[in-house]
Amino acid sequence: MNTTFEESWLKKTWWKFTDREKYLAYKHDLRQYREHRGIIEFAASGNVFTLNDILNNLKTGQEINLVHSGNAGDVIYSLPVVKKLHELTSDPVNLLLKLDEPLQLMDGVSHPLGNVMLDQKMADGLVKLLDSQAYINRAAVYEGQKIHLDLSMFRASGVDLGRGNIARWNFYTTGIHADLSEPWLEAAPMNEFSDAIVLARSTRYNNPLIDYSFLSGYKNIVFVGVKSEYSRMKRVIGGLQWHPVDDFLELARVIKGSKLFVGNQSFPFSVADGLKSVRILEVCPTIPNVIPEGRNGYDFYFQKHFEYLVDSLVTTGKGQHSVA
């Protein structure tokens, strides 16, 4: 539709009585405009970039500064674009984290960081993981540096953030597409977890159909979330162990070294997805915006499938495709 569409009560009323074809066309365009107002206004804002737009703002050999102000999981899911940008330009890419952007939560829903998306402690944990990636020149907290691309623009883009795939959100605002079937994180495995099922489940994005108590029948179940989440899950899973991590590089190493990772749509699953570890995702039916892509990735809505997947990947060591 025409992105310059303007609502006009006068035109609508006049055409209603004088030109039915124009009246119906106007109603169609009006409905489209109201449904897509956010994305139409974003398109008109000049914030839709391409690789050429980014390069035009750079000098030869200049470091590329990217900034992200979103949740830790959003930062991890932006990395395919960060990696691809480095591959396309061969320039050093810095990823800067902007702290204390406000987080809006629904009533009755809590978040480990309270009412902000990224705080200093979370950023410190992220920096160690980000700095270990070969395609990132430097990760640090944003302190007013010149920015060439804001990786949080998708929040103003009008894209429906409750559906689809978080890992693709930055594709839509940058025009840079990466192969999500390939790993975008690397970490040396912690081999002491090679016989463990590693688990993380936040209090957000829960599927009400799912009961984790059957995991009590498996040995060596290790939880890697925060203590309050661990305490909640320990009431359900007998023998559940807790492994608090010092930073997110350690988290990645634990997940990489595990036999199987199980998580919901929270930060640890984004790490497992980036590593392409053997992983199972609990899908939240009301906000299905995470999709495992590539080898070793499985997801489920229903309890029967959850139990089958764990059994097929742990007991027999075989899934529906190779996990080698």
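Two strands count as paired when DSSP finds at least two bridges between them. Keep that in mind for the first stop in this predicted model.

**Strands 1 and 2.** Select residues 64-68, strand 1, together with strand 2; the two run in the parallel sense and are joined over five bridges. Within this pair, H68 is placed opposite L97 of strand 2.

Now restrict the selection to strand 2, residues 93-97. Five of the five residues there are buried, so the strand is largely enclosed by the rest of the structure. In a regular strand, side chains alternate between the two faces of the sheet. Here V93, L95 and L97 point one way, while N94 and L96 point the other way, and all are buried.

**Helices 5 and 6.** Next select residues 72-89 (helix 5) and 120-131 (helix 6), which pack at about 20° with axes 11 Å apart. Because angles under 35 degrees count as roughly parallel, helix 5 is roughly parallel to helix 6. The crossing of the two helices is right-handed. Show side chains for A72, V75, I76 and L79 in helix 5, and for M122, L126, L129 and L130 in helix 6, where the helices meet. By class, this contact has eight nonpolar residues, no polar and no charged ones.

**The loop between strands 5 and 6.** Most residues other than glycine have a negative phi. Which residue in the loop between strand 5 (197-200) and strand 6 (221-223) should be selected next? Go to Y205, which has a positive phi of about 60° although it is not a glycine. Y205 is partly exposed, at 22% relative accessible area.

Finish at N220, in the loop between strand 5 and strand 6. N220 has a positive phi of about 60° and is not a glycine; its relative accessible area is 28%, which makes N220 partly exposed.

Methods
Residues are numbered from 1 along each chain as its sequence is written. This is a predicted model: local features need pLDDT of at least 70, side-chain atom pairs count only at pLDDT 80 or more; totals for chains, interfaces and linings use all residues. Side-chain values use heavy atoms; hydrogens and water are left out. Axes are lines fitted to C-alpha atoms, for helices over the stretch in contact, and angles run from 0 to 180 degrees between N-to-C directions. Helices (H or I, at least four residues) and strands (E, at least two) are DSSP runs, numbered from the N terminus. Angles under 35 degrees count as roughly parallel, over 145 as roughly antiparallel, 65 to 115 as roughly perpendicular and the rest as oblique. A crossing is left-handed if the near helix is turned anticlockwise from the far one by less than a right angle, and right-handed if clockwise. Contact means heavy atoms within 4.5 Å. Ala, Val, Leu, Ile, Met, Phe, Trp, Tyr, Cys and Pro count as nonpolar, Asp, Glu, Lys and Arg as charged, and the others, Gly among them, as polar. Buried means under 20% relative accessible area, exposed over 50%, partly exposed in between (1.4 Å probe, protein chains only).
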